[in-house]
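Here is a walk through the model below, written for someone who likes to check things in a viewer. Start with the rings, then work outwards.

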Amino acid sequence: MIKKIFLAIVTLAFILSGCNKTVDEPGRLVVKITDDPFNIDLVESATITINKIEIRQAGQPDGNPFIVVSEDTLTFDLLTLRNGITEEVSNISIPPGNYDLVRLYVDEASLKIKDQPVEFKVKVPSGSQTGLKIFISPSLTVNGGLTSELLLDFDLSKSFVMTGHMGHGSGVTGFIFKPCIRATNNSTAGRIEGMVTDTSLVKLMNAKVWVEKDTVMSTAFTDTLGHYAFIGIPAGTYSVFATKENYDTVSYSDIHVSGGSKTIQNFILTLE
């Protein structure tokens, strides 16, 4: 379970706001950050520091096609960003066009595990020098004066790998950063959310919920009210699962998601 600590640390939403489509008018880029949450029972705090964000305009001639989105040094406790909550990190105008790659310069990351005496500083290989490269597929189209959103979702069950073992020998000795990031055009995406309860309708905290389409796309854990939410889910049909320790696993297939809409799916879990 500890390997899932940094389950999905960061999500960026780029919002280009306006009313009427204009060919030469720039769009406006708002960068937000969120957490696709992990099992917070094990974690006291989870922070990252970002010192630069760039986005690449596709199809540009030789030269530097990157636009600097932010050069502020920003630190976030991602434990507070759960179930669809976002944090704005930038607001900037950018030229119309297609954008196919983001570079995220992560200066450092750290985890504070409950009952562990020290905070774990996580090395970010090349993260602050060359940036973490996240491809946008399909590319994001920005039209002048119109709104478009891009969501970047870190799957930290794969991005942060624990060294050592909780409760064995010397315990956890650290974490290795191996980023795994999903990019979604949030302008055409929807969301899935709902409640997880037991058969007595008691709300279940920290129940694990995940979305699949061929493979696991995103994972969440319910909050104190038994609520979960997935944002930035591309339009399509999915399977959704929920479980909790000592409970069975419940799944629903053919869950339809439409762009710009919310799909409600509740779960009732039975004790094993």
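## The aromatic cluster

Tyr228, Phe230, Tyr252 and Phe267 come together as one aromatic cluster. This is a predicted model, and across it you'll find 4 aromatic pairs. Take tyrosine 228 with phenylalanine 267: the ring centres are 6.1 Å apart and the planes sit at 55 degrees, so this pair counts as tilted. To be edge-to-face, the planes would have to be over 60 degrees apart.

That pair ties together distant parts of the chain, with tyrosine 228 in strand β17 (residues 227-234) and phenylalanine 267 in strand β21, 39 residues apart. Both tyrosine 228 and phenylalanine 267 are buried. Strand β21 (residues 267-269) is also where confidence is highest, at a mean pLDDT of 98.

## Two nonpolar cores

Which residues of the largest nonpolar core touch the most other members? They are Ile53, Val102, Leu104 and Leu150, out of 36 residues in that core. A run of strands feeds this core with at least two residues each: β3 (43-57), β4 (66-70), β5 (74-77), β6 (86-94), β7 (97-113), β8 (119-122), β9 (132-142) and β10 (149-154). The largest share, 7 residues, comes from β7.

There's a second core, separate from that one, with 19 residues. Leu204, Val209, Tyr228 and Ile233 are among its members, and Tyr228 is the ring you just met in the aromatic cluster.

## Along strand β7

Two residues of β7 deserve a quick look. Alanine 109 sits in this strand and has a relative accessible area of 4%, so it is buried. Its C-alpha atom is 9.1 Å from that of threonine 75, with the two positions 34 residues apart along the chain.

Lysine 112 is in β7 as well. Is this lysine buried or exposed? It comes out buried, because its relative accessibility is 15% and the cut-off is under 20%. Leaving aside residues up to four places away in sequence, lysine 112 touches Val43, Glu44, Ser45, Pro117, Val118 and Glu119.

## Charges over rings

Two basic side chains are parked over aromatic faces. Arginine 103 lies over the face of phenylalanine 66, at 3.6 Å from the ring centre. Lysine 213 does the equivalent with tyrosine 238, at 5.2 Å from the ring centre.

## Positive phi in two loops

Most residues other than glycine have a negative phi. With that in mind, have a look at leucine 201, which has a positive phi of about 65 degrees despite not being a glycine. This leucine is in the loop between β14 (189-198) and β15 (208-213), and with a relative accessibility of 58% it counts as exposed.

Aspartate 214 is another non-glycine with a positive phi, here about 75 degrees. You'll find aspartate 214 in the loop between β15 and β16 (215-221). Its relative accessible area is 81%, so aspartate 214 is exposed.

## Histidine 256

Histidine 256 belongs to strand β19 (residues 250-257). With a relative accessible area of 54%, histidine 256 is exposed, as over 50% is needed for that label.

What does histidine 256 touch, not counting residues up to four places away in sequence? The partners are Gly236, Thr237 and Thr263. Alanine 235 is 21 residues away along the chain from histidine 256, and the two C-alpha atoms are separated by 7.6 Å.

## The chain as a whole

Overall, the chain has 21 strands and 1 helix. Of its 272 residues, 51% count as buried. If you take contacts between residues at least 6 apart in sequence, 70% of them join residues at least 24 apart. The accessible surface adds up to about 12,500 Å², and carbon and sulfur atoms own 49% of that.

## Where to be careful

The mean pLDDT of the chain is 79, with 76% of residues at 70 or more. Confidence is lowest in strand β1 (residues 11-15), where the mean is 38. Over residues 1-21 pLDDT stays under 50, although the model has 120 contacts beyond four places in sequence for this stretch. Where pLDDT is low, the predicted coordinates should not be read in detail.

Definitions and conventions
Residues numbered from 1 in each chain as written. Predicted model: local features only at pLDDT ≥ 70, side-chain atom pairs only at ≥ 80, totals over all residues. Heavy atoms only, no water. pLDDT = per-residue confidence, 0-100. Helix = DSSP H or I, 4+ residues; strand = E, 2+ residues; numbered from the N terminus. Contact = heavy atoms within 4.5 Å. Core = buried A, V, L, I, M, F, W, Y, C linked by side-chain atoms within 4.5 Å. Buried < 20%, exposed > 50% of the residue type's maximum accessible area, 1.4 Å probe, protein only. Phe/Tyr/Trp six-rings, centres within 6.5 Å; stacked < 30°, edge-to-face > 60°. Lys NZ or Arg CZ within 6 Å of the ring centre and 35° of its normal. Areas by Shrake-Rupley, 256 points an atom, 1.4 Å probe, with all protein chains shown as cover.
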